[in-house]
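Reader: I'd like a close look at one part of this protein, and then whatever else helps me get my bearings. Could you walk me through it in plain words?

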Amino acid sequence: MLNIGIIGVGTVGESVIKILKENRDIISARAGKEIRVLKAAVRDLSKKRDVDVPLTDNADEILDDPSIDVVVELMGGIEEAYRIVSKALKNGKGVVTANKALLAYHRYELQNLAKDLPFGFEASVAGGIPIINALKVGLSANHIESLKGIMNGTCNFILTKMMNEGSDFKETLKEAQDLGYAEADPTFDIGGFDAAHKLLILASIAYGIDAKPEDILIEGIENINAEDIAFAKEFNYSIKLLAIAKKVDHKVELRVHPVLIKKDQMIAKVDGVMNGISVIGDRVGETMYYGPGAGGDATASAVISDLIEIARVGKGSPMLGFKRAMESSNLTLMPRSEIISKYYLRMCVYDRPGVLASIAKVFEKYDISINAVLQRPTNEESQKASLLFSTHLCKEEMIQKALDEIESLESVSSRPAMIRIEE
Ligand code: NAP
Ligand code: HSE
């Protein structure tokens with residue numbers, strides 16, 4: 001028997017309890033023993049819930065219970081979850097968590113605390129896709145050259161509906177929340193932070209990089225508008241929020257932002273709440289993973305896979321996939337300013353002589369080469385026009401400086417919008 005205590009009975013917690021009950025036969029057969037929920041903790045005991053396990057509103061009852069072998073943390077948040085998970089480990093219990101925000105900040109401390117105790121976090125990245133297992137086990141003989149993926153189901157759901165159905169941003173976000181995809185605070189999703197948390201977890205396994213969200217380039221989807229969607233459609237692009245980790249010499253670039261990506265690329269076809277991750281290893285070449293990135297049952301499927309593994313093996317394997325620190329690899333985080341990309345820029349300008357020339361001068365000053373320009377018809381009432389540019393490759397530092405300067409031009413009415421072009 002493996003006795004577990006669950007902290008958090010929301011979207012994911014309820015699904016875990018339900019699947020453990022409804023799929024008990026196959027789970028017990030694969031685990032070699034029964035997995036039993038002894039108790040679950042919630043914040044508000046008065047809420048109606050569709051579960052039949054004993055509940056408490058005091059998580060310490062679970063952490064201090066010597067008969068509980070594994071604590072399953074499904075409450076979310078960072079510092080209180082860190083206290084709870086740390087205490088579970090100090091009390092000699094295994095841990096399973098779906099909490100990527102916790103791991104984005106504390107994965108290395110938790111790895112040190114866990115030592116040989118089992119610590120499962122398959123559900124923390126890409127919901128139901130076993131990407132952690134793929135990196136820790138399946139691809140462990142490879143140097144990872146790059147990792148590129150759609151890792152936030154909520155954003156992909158919103159962008160797909162905006163592209164395919166012309167849906168409204170706010171209404172579609174509400175729909176994603178109702179379906180249980182979004183974080184308790186959905187700005188984590190649409191601001192790109194949730195995808196960044198996941199990217200940092202994968203980058204730790206692939207490269208041993210110990211970066212925090214504040215250290216990397218993160219942009220969300222909140223500024224994408226109908227004009228960008230129309231441009232994408234006209235030129236055969238999809239718009240996706242991508243999380244990218246790439247090794248360039250001895251540096252690793254880590255970034256999350258919306259991209260324009262040609263529709264015929266495999267990752268551009270990943271739609272709705274689905275996630276898709278491409279991993280290139282130096283020996284295996286490109287491998288691709290696809291599946292539901294959010295939702296109660298999909299995430300619970302990953303949580304329970306960790307529990308079955310713990311029941312089967314007992315001891316933990318190295319949490320982040322390496323037995324000793326990876327400093328011998330000499331890899332460091334590439335500064336944001338050095339990242340190289342192509343860009344699409346949208347500017348709202350007053351339609352009068354010399355405007356295009358003044359903008360072109362700024363591009364020349366920062367050594368930015370223009371690939372294409374398009375002017376949308378002028379609005380007769382405001383006398384403003386939209387100018388759309390695409391650039392050749394240039395450095396992030398240069399594009400940011402150019403955008404600052406273009407914003408200050410008297411003929412430009414607001415800060416230009418920018419989306420990177422991914423090839
Ligand atoms: P949720 O629906 O908001 O549920 C959170 C649960 O935690 C609630 O039952 C809440 O209690 C409980 N809780 C919060 N603080 C607590 C505390 N201090 N002590 C005891 N219980 C506490 O969240 P969720 O969507 O299930 O997500 C849970 C975790 O899984 C998060 O880390 C999330 O990022 C991650 N995750 C979610 C998904 C998804 O698709 N939803 C996918 C992958 C990973 P009350 O019910 O009483 O408020
Ligand atoms: N809010 C997250 C998403 C849940 O939309 O992808 C899965 O981690």
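Reader: Let me start with a single side chain: is Phe389 buried or exposed, by its relative accessible area?

Author: Keep in mind that this is a predicted model. Phe389 comes out as buried, because its relative accessible area is 4%, and the cut-off for buried is under 20%. Phe389 sits in strand E16, which covers residues 384-391.

Phe389 also has an aromatic partner, Phe363. The two ring centres are 5.2 Å apart and the planes stand at 70° to each other, making the pair edge-to-face. Phe363 belongs to helix H13 (residues 355-365), so this pair, with its members 26 residues apart, links distant parts of the chain. Phe363 is buried too, with a relative accessible area of 2%.

Now for the other aromatics. Searching the whole structure turns up 6 aromatic pairs. One of the pairs is Phe157 with Tyr181: the ring centres are 5.6 Å apart and the planes make an angle of 75°, so this is an edge-to-face pair. Here again distant parts of the chain are linked, 24 residues apart: Phe157 is in helix H7, while Tyr181 is in the loop between H8 and helix H9 (187-190). Phe157 has a relative accessible area of 10%, so it counts as buried. Tyr181 is at 17% and is buried as well, given that the limit is 20%. Elsewhere, Phe231, Phe235 and Tyr344 make up one aromatic cluster.

Phe157 leads us to the helix it sits in. Helix H7 runs over residues 153-165 and helix H8 over residues 169-178; their axes come within 9 Å and cross at roughly 135°. That angle makes H7 and H8 oblique to each other, because only angles over 145 degrees would count as roughly antiparallel. The crossing of the two helices is right-handed. On the H7 side, the residues in the contact are Thr154, Phe157, Ile158, Lys161 and Met162, and they meet Phe169, Thr172, Leu173, Glu175 and Ala176 in H8. Sorted by class, that contact has 6 nonpolar, 2 polar and 2 charged residues. Phe157 therefore turns up twice, in the contact with H8 and in the ring pair with Tyr181.

Next, have a look at Leu74. You'll find Leu74 in the loop between strand E4 (70-73) and helix H4 (79-90). Although in a loop, Leu74 is buried, with 14% relative accessible area. Leaving out residues up to four places away in sequence, Leu74 touches Ile6, Ile7, Gly8, Val12, Gly13, Val16, Ala98 and Val303. If you want a distance to check on screen, try the C-alpha atoms of Leu74 and Ala184: they are 12 Å apart, with these positions 110 residues apart along the chain.

Last, two loop residues with backbone angles you may want to see. Ala126 isn't a glycine, but its phi is positive, at about 60°. Ala126 lies in the loop between strand E6 (119-120) and helix H6 (131-138), and with 0% relative accessibility Ala126 is buried. Asp249 also has a positive phi, near 55°, and is likewise a residue other than glycine. Its loop is the one between strand E9 (237-248) and strand E10 (251-262). Unlike buried Ala126, Asp249 is exposed, at 70% relative accessibility.

Note on methods. Residues numbered from 1 in each chain as written. Chains lettered and ligands numbered in written order. Predicted model: local features only at pLDDT ≥ 70, side-chain atom pairs only at ≥ 80, totals over all residues. Heavy atoms only, no water. Axes fitted to C-alpha atoms, helices over the stretch in contact; angles between N-to-C directions. Helix = DSSP H or I, 4+ residues; strand = E, 2+ residues; numbered from the N terminus. Parallel < 35°, antiparallel > 145°, perpendicular 65-115°, else oblique. Left-handed = near helix turned anticlockwise from the far one by under 90°. Contact = heavy atoms within 4.5 Å. Nonpolar A, V, L, I, M, F, W, Y, C, P; charged D, E, K, R; others polar. Phe/Tyr/Trp six-rings, centres within 6.5 Å; stacked < 30°, edge-to-face > 60°. Buried < 20%, exposed > 50% of the residue type's maximum accessible area, 1.4 Å probe, protein only.
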